[in-house]
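Me: I am new to reading protein models. Could you take me through this one in short steps?

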Amino acid sequence: MLPILRLFAEGAPNVAACLPALQKQFNISDEEAAQLIPSGRNTTILQSRAHWARTYLSKAGLLVSPRRNLHVITELGRQVLASNPERIDNETLSQFPGFTEWIEQSRQAEHSGRSAERPVRAKVSVDITPIDERQTPLDAYGSRLGTPRRCFARRTDFPALPAFSAAV
């Protein structure tokens, strides 16, 4: 998710504007970038993963969308980038109440059949690992291709990130 946040900090207005830079940064071939998601929708895996990364960052309060198809980095997002994190994953995002509340609402909605958009008032402990296969969106993209990539490798030797103030 870090590459997406950086691109928005550099002025990318939306996810579509980020895709060429992501493709280049991760050395994704045109053939790989054209692979569609399995659901049959006319959406590529790269588009899907980038949109999910944007969603996760927005739920954590690191991006805002002042209008449809326009996304802007927040002051909190700039604070995160200023700390020079090695990566941004769900554990990083779990520091932000908006993200953990959204994850919990999504999980509760899955179990009750309710829409995730309807608020759930009950407080429970939050599992901060990613929803989908316990991966970040870009990790999931890399494993979907079935090709080992340095850029998607899991590392556990990164230093802990400082806590960020949720006040903007």
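**Helix α7 and its surroundings**

Me: How far apart are the end C-alpha atoms of helix α7 (residues 97-112)?
Reply: Helix α7 has 16 residues. Helices here are DSSP runs of H or I with at least four residues, strands are E runs of at least two, and both are numbered from the N terminus. The expected span is 1.5 Å times one less than the number of residues, so α7 should span 22 Å. The end C-alpha atoms agree, being apart by 22 Å.

Me: What kind of model is this, and how are residues numbered?
Reply: It is a predicted model, where local features need pLDDT of at least 70, side-chain atom pairs count only at pLDDT 80 or more, and totals for chains, interfaces and linings use all residues. Side-chain values use heavy atoms, leaving out hydrogens and water, and numbering along each chain, as its sequence is written, starts from 1.

Me: Which elements help cover the buried residues of α7?
Reply: Buried means under 20% relative accessible area, exposed over 50%, and partly exposed in between (1.4 Å probe, protein chains only). The buried residues of α7 include F99, W102 and I103. Their cover includes α4 (45-59) and α6 (90-93).

**Core and hairpin**

Me: Which elements give two or more residues to the largest nonpolar core?
Reply: A nonpolar core is a set of buried Ala, Val, Leu, Ile, Met, Phe, Trp, Tyr and Cys residues joined through side-chain atoms within 4.5 Å. The largest has 32 residues, and L5, L57 and L62 are among those with the most contacts inside it. The elements giving two or more residues to this core are α1 (2-9), α2 (15-25), α4, α5 (75-82) and α7.

Me: Which residue of β2 is the bridge partner of L63?
Reply: Strands β1 (residues 63-67) and β2 (residues 70-73) run antiparallel, joined by three bridges. Two strands pair if DSSP finds at least two bridges between them. In β2, the partner of L63 is I73.

Me: What is the phi of N69?
Reply: Most residues other than glycine have a negative phi. N69 lies in the loop between β1 and β2. Its phi is positive, near 65 degrees.

**A loop residue**

Me: Is N27 buried or exposed?
Reply: N27 lies in the loop between α2 and α3 (30-33). Its phi is positive, near 50 degrees. Because its relative accessibility is 63%, N27 counts as exposed.

Conventions. Contact means heavy atoms within 4.5 Å.
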